[in-house]
Amino acid sequence: KYLASIKRKIDDEAIRTYMDLVGLDPDDKRKYRKYSLGMKQRLGIACAIAEDPDLIILDEPFNALDEAGIRQIESLLCELKKQGKLILLSCHNREQMEHLADRIFVIENGRLSENIG
């Protein structure tokens, strides 16, 4: 709610919707500090997409998620991609990148190159 209040673009119902999209219970009254690392990751993703941006940048979005959480977030990212969103991910898991990405770039020894195969 705090982040949503900054620009005042998102109401309580939208907050509930985005929390549900990432697999969090909007009625859970626990404070953020009591969330598991996976729950914090999900909340961060909800915050990243909440204002319906055209560009979404996520750093290691699958970190600390269980298999069900990974599938849920992958599905969400695929849906956002279908909506025309540009999604930039950093990830160490090549298999996930090959599954999700249209283009993969590799940074190695300080050099950026497109990985074509």
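In this predicted model, the largest nonpolar core comprises 26 residues. Within this core, Val22, Phe62, Ile73 and Leu77 have the most contacts. Two or more residues of the core are supplied by each of α2, α3, β1, α4 and α5. The largest share comes from α4, which gives 5 residues. The surroundings of Phe62 were examined further. Leaving aside residues up to four places away in sequence, Phe62 touches Ile70, Ile73, Glu74 and Leu77, together with Gln41, Cys91, Gln96 and Leu100. Two of the residues touched by Phe62, Ile73 and Leu77, are themselves listed with those that have the most contacts inside the core.

A nonpolar patch was also found on the surface, formed by Leu55, Ile57, Leu86 and Leu88. Together these four residues have about 410 Å² of accessible area. Strands β1 and β2 (residues 86–90) each contribute at least two residues to the patch. Leu88 is one of the residues placed in strand β2. Strand β1, which spans residues 55–59, thus appears in two settings, giving residues to the core and to the surface patch.

Strand β1 also holds Asp59. Asp59 counts as exposed because its relative accessibility is 62%, over the 50% limit for that class. Apart from residues up to four places away in sequence, Asp59 touches Gln41 and Ser90. The side chains of Asp59 and Ser90 are joined by a polar contact of 2.3 Å. Ser90 falls within the residue range of β2, 86–90. The C-alpha atoms of Asp59 and Cys91 lie 6.8 Å apart, although 32 residues separate the two along the chain. Gln41, touched by Asp59, is also touched by Phe62. Cys91 is likewise among the residues that Phe62 touches.

Charged pairs were then considered. Side chains of opposite charge can pair when their charged atoms come close. The whole structure contains 8 salt bridges. One of them joins Arg16 and Asp27, with 2.9 Å between the closest N and O atoms. This pair links distant parts of the chain, with Arg16 in helix α2 (residues 12–21) and Asp27 in the loop between α2 and α3 (37–49), 11 residues apart. Arg16 is partly exposed, at a relative accessible area of 32%. Asp27 is also partly exposed, at 44% relative accessibility.

A salt bridge between Asp66 and Arg42 has its closest N and O atoms 3.8 Å apart. Here too distant parts of the chain are linked, since Asp66 lies in the loop between β1 and α4 (67–82) and Arg42 in helix α3, 24 residues apart. The two partners fall into separate accessibility classes: Asp66 is partly exposed, with a relative accessible area of 49%, whereas Arg42 is buried, with 11%. The value for Arg42 is under the 20% limit that defines a buried residue.

Another salt bridge, between Arg94 and Glu98, has a distance of 2.7 Å between the closest N and O atoms. Both residues lie in helix α5 (residues 94–100), where they are 4 residues apart, about one turn of the helix. Arg94 is partly exposed, with a relative accessible area of 38%, and Glu98 is partly exposed at 44% relative accessibility.

Asp52, Asp54 and Lys85 are linked in a network of salt bridges. Lys85 is located in the loop between α4 and β2. With a relative accessibility of 12%, Lys85 counts as buried. The side chains of Lys85 and Asp52 are joined by a polar contact of 2.6 Å. Beyond residues up to four places away in sequence, Lys85 touches both aspartates of the network, Asp52 and Asp54, as well as Pro53, Ile56 and Leu80.

Glu114 was examined in strand β4, residues 111–115. Glu114 is partly exposed, at 37% relative accessibility. Excluding residues up to four places away in sequence, Glu114 touches Arg103, Ile104 and Phe105. A polar contact of 3.1 Å joins the side chains of Glu114 and Arg103. Glu114 and His99 are 15 residues apart in sequence, and their C-alpha atoms are 16 Å apart in space.

Methods: Residues numbered from 1 in each chain as written. Predicted model: local features only at pLDDT ≥ 70, side-chain atom pairs only at ≥ 80, totals over all residues. Heavy atoms only, no water. Buried < 20%, exposed > 50% of the residue type's maximum accessible area, 1.4 Å probe, protein only. Contact = heavy atoms within 4.5 Å. Polar contact = N/O pair within 3.5 Å; in protein donor to acceptor, adjacent residues only side chain to side chain. Patch = residues over 30% accessible without salt bridge, like charges linked within 9 Å, V, L, I, M, F, W, Y side chains within 5 Å. Areas by Shrake-Rupley, 256 points an atom, 1.4 Å probe, with all protein chains shown as cover. Salt bridge = Lys/Arg side-chain N within 4 Å of Asp/Glu carboxyl O. Core = buried A, V, L, I, M, F, W, Y, C linked by side-chain atoms within 4.5 Å.
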